[in-house]
Amino acid sequence: MHGRTSLPPSPTGRAPSAGVQARAQAVFVTAVAVGASTPTALAHDTGNAGAGFVSGMLHPVSGFDHIAAMIAVGVWGAQLGRPALWVLPVAFPLVMAIGGFLGLIGVRLPGVEIGIALSAVALGIMVMTEAKPVLAVAIAMVAVFAVFHGHAHGTELPESQSAIVYSIGFVIATGILHLVGIGIGTIHRWDRGRIALRGLGGAILATGFVFLWNALT
Amino acid sequence: MSARTSFGMAITAFGAILCAVQPASAHLVSTELGPFYDGAAHPLVTPDDLLTILGLAALAAFGGPASGRRLLVALVVGWSVGLVLAFGLAHREWQAPIATACTLLVLGVATLLKVPVPTLLLVAVGAVIGLARGALNGSAARMADGQWLSIVGIAAGVFALTCMSAALGVVLEKRGWSIALRVGGSWIAAIGLLLLGWQLRTMLVPAG
């Protein structure tokens, strides 16, 4: 943290504390590290994932399409502020579990990969434009996309000796990704942070188009 | 959600516990510290028990310290009765994965929605859940080592875990952090739903 320069004050005129800046930077570095260390698989189990907590933890981060969407949900929630800040990350895992449930019991859902790719496109647009729809619309949008993500996971979950331990790891990893997104979104209080978040939204949008292209071809 | 609706949901989940019991291989995690500590560690290292207690404690926390204290008594007493009965009567270890999943789902959704559960209902639900979980634990202890100290340890572990989690929940609630409890509830509900799907898959989806 040596040589740290003070970031511009927030729009309210109140300068963020050093602690807030340090936490935001730490979260950002962690998020970058997580992103950089993630393989570019597309939401498919690696095949060697066995039973257990670690396997469950690894599954949500096994595909960048999922990571991008889940982090985008957290970032968008941070942009929207309360109550969306916590409502969106709460809604996403629960509805994703519904999608996972459908996938587990064998209910077919058409266009899952397209839906996942579209989620990155749509959420990227929301973050890039700092869109602020009515809360119900934001929830509905996140929920619809969460079903696709959950279904993809549900159909690919490996046979496990301990379903509950796997599920715990899976849900915790999803929640952590949202928290990372919210942590990144805390830079929204600064002007430069807003610009950075818009850029992040643009990057998510671009990757979404790549996923969409791959899903369609 | 009315008290009658929540009561109906609870009765459905607990009815499933009684109907969906099935045999399983005996297990009790060894701490290498003796049967008492093996039992005391059991609620901590058994996700089914841990999440159930956390869900109940969060619901109780919304009702304040008095609600937490009454849940503590009801849950531990119910759990202890179930332990003793199953320890004395069981001839095999029981498990109820579908009922466990339904219980977690109901508790998680109730916590997420911050359903105002009347204290009397919470006590009744806690006692019934405690009885059922205690019976499952008691059968496991009977098959694992057959020592009374194990079930004494389990009861002590349930007491300590419920006490601490309810107290933490009350503190979070009083300090305006009830959102943390609700987020936890959504996670418990999601885990319950995935667990339910996982169990149903073995019945609905052909292997391979």
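This report describes a predicted model of two protein chains, A and B.

## Architecture of chain B

Eight helices and two strands make up the secondary structure of chain B. Along the sequence these elements follow the order α-β-α-α-α-β-α-α-α-α.

Chain B has 208 residues, of which 50% count as buried. When contacts between residues at least 6 apart in the sequence of chain B are considered, 87% of them join residues at least 24 apart.

## Helix α7 of chain A

Helix α7 of chain A covers residues 163-185. For its 23 residues, a rise of 1.5 Å a residue predicts a span of 33 Å, and the C-alpha atoms at its ends are 33 Å apart, so the expected and computed values agree. Of these 23 residues, 19 are buried, and the helix is therefore largely enclosed by the rest of the structure.

## The interface between chains A and B

Contact between the chains involves 26 residues from chain A and 24 residues from chain B. Together, chain A and chain B bury about 2,300 Å², and 84% of this area lies on carbon and sulfur atoms. On the side of chain A that touches chain B, α4 and α7 of chain A each supply at least two residues. The greatest contribution to that side comes from α7(A), with 10 residues.

Charged and polar pairing was also examined across this interface. The number of salt bridges between chain A and chain B is zero. Residue pairs in polar contact across the interface of chain A and chain B, with both residues at pLDDT 80 or more, likewise number zero.

## Nonpolar cores

The largest nonpolar core contains 65 residues, and the members that touch the most others are A:W76, A:L88 and A:L123. Both chains take part in this core: α3, α4 (84-104), α5, α6, α7 and α8 of chain A, together with α5 and α8 (178-204) of chain B, each supply at least two of its residues.

The surroundings of A:W76 can be listed in detail. With residues up to four places away in sequence set aside, A:W76 touches A:L88, A:L123, A:M126, A:V127, A:A131, A:P133, A:A138, A:M141 and A:V142. Apart from the largest core lies another core, of 29 residues, which includes B:L107, B:I154, B:V158 and B:L181.

## Salt bridges

Side chains of opposite charge can pair when their charged atoms come close. Over all chains, the count is three salt bridges. In chain A, A:E130 pairs with A:R198, with their closest N and O atoms 3.0 Å apart. This pair links distant parts of the chain, 68 residues apart: A:E130 is in the loop between α5 (112-129) and α6 (135-156) of chain A, whereas A:R198 is in helix α8 (residues 191-216) of chain A. A:E130 counts as buried because its relative accessibility of 15% is under the 20% limit. A:R198, at 38% relative accessibility, counts as partly exposed.

In chain B, B:R133 and B:D49 form a salt bridge with an N to O distance of 2.8 Å. They too connect distant parts of the chain, 84 residues apart, with B:R133 in helix α6 (residues 119-144) of chain B and B:D49 in helix α3 (residues 47-62) of chain B. Both B:R133 and B:D49 are buried. A salt bridge also joins the side chains of B:E173 and B:K114, at 3.3 Å from N to O. Here the separation is 59 residues, between B:E173 in helix α7 (residues 148-174) of chain B and B:K114 in the loop between α5 (97-112) and α6 of chain B. B:K114 is partly exposed, with a relative accessible area of 30%.

## Two individual positions

A:V61 is situated in the loop between α2 (53-58) and α3 (64-80) of chain A. Its relative accessible area is 22%, so A:V61 is partly exposed. Although A:V61 and A:T174 are 113 residues apart in sequence, their C-alpha atoms are 8.2 Å apart in space.

B:S165 belongs to helix α7 of chain B. A relative accessible area of 11% makes B:S165 a buried residue. Leaving out neighbours within four places in sequence, B:S165 is in contact with B:I53, B:L54 and B:A57.

Technical notes. Residues are numbered from 1 along each chain as its sequence is written. Chains are lettered from A and ligands numbered from 1 in the order in which they are written. This is a predicted model: local features need pLDDT of at least 70, side-chain atom pairs count only at pLDDT 80 or more; totals for chains, interfaces and linings use all residues. Side-chain values use heavy atoms; hydrogens and water are left out. Helices (H or I, at least four residues) and strands (E, at least two) are DSSP runs, numbered from the N terminus. Buried means under 20% relative accessible area, exposed over 50%, partly exposed in between (1.4 Å probe, protein chains only). A salt bridge is a side-chain nitrogen of Lys or Arg within 4 Å of a carboxyl oxygen of Asp or Glu. The expected span of a helix is 1.5 Å times one less than its number of residues. A nonpolar core is a set of buried Ala, Val, Leu, Ile, Met, Phe, Trp, Tyr and Cys residues joined through side-chain atoms within 4.5 Å. Contact means heavy atoms within 4.5 Å. Buried area is the accessible area (1.4 Å probe) that two parts lose on being put together, summed over both. A polar contact is a pair of N or O atoms within 3.5 Å; within protein, one must be able to donate a hydrogen and the other to accept it, and residues adjacent in sequence count only if both atoms are side-chain atoms.
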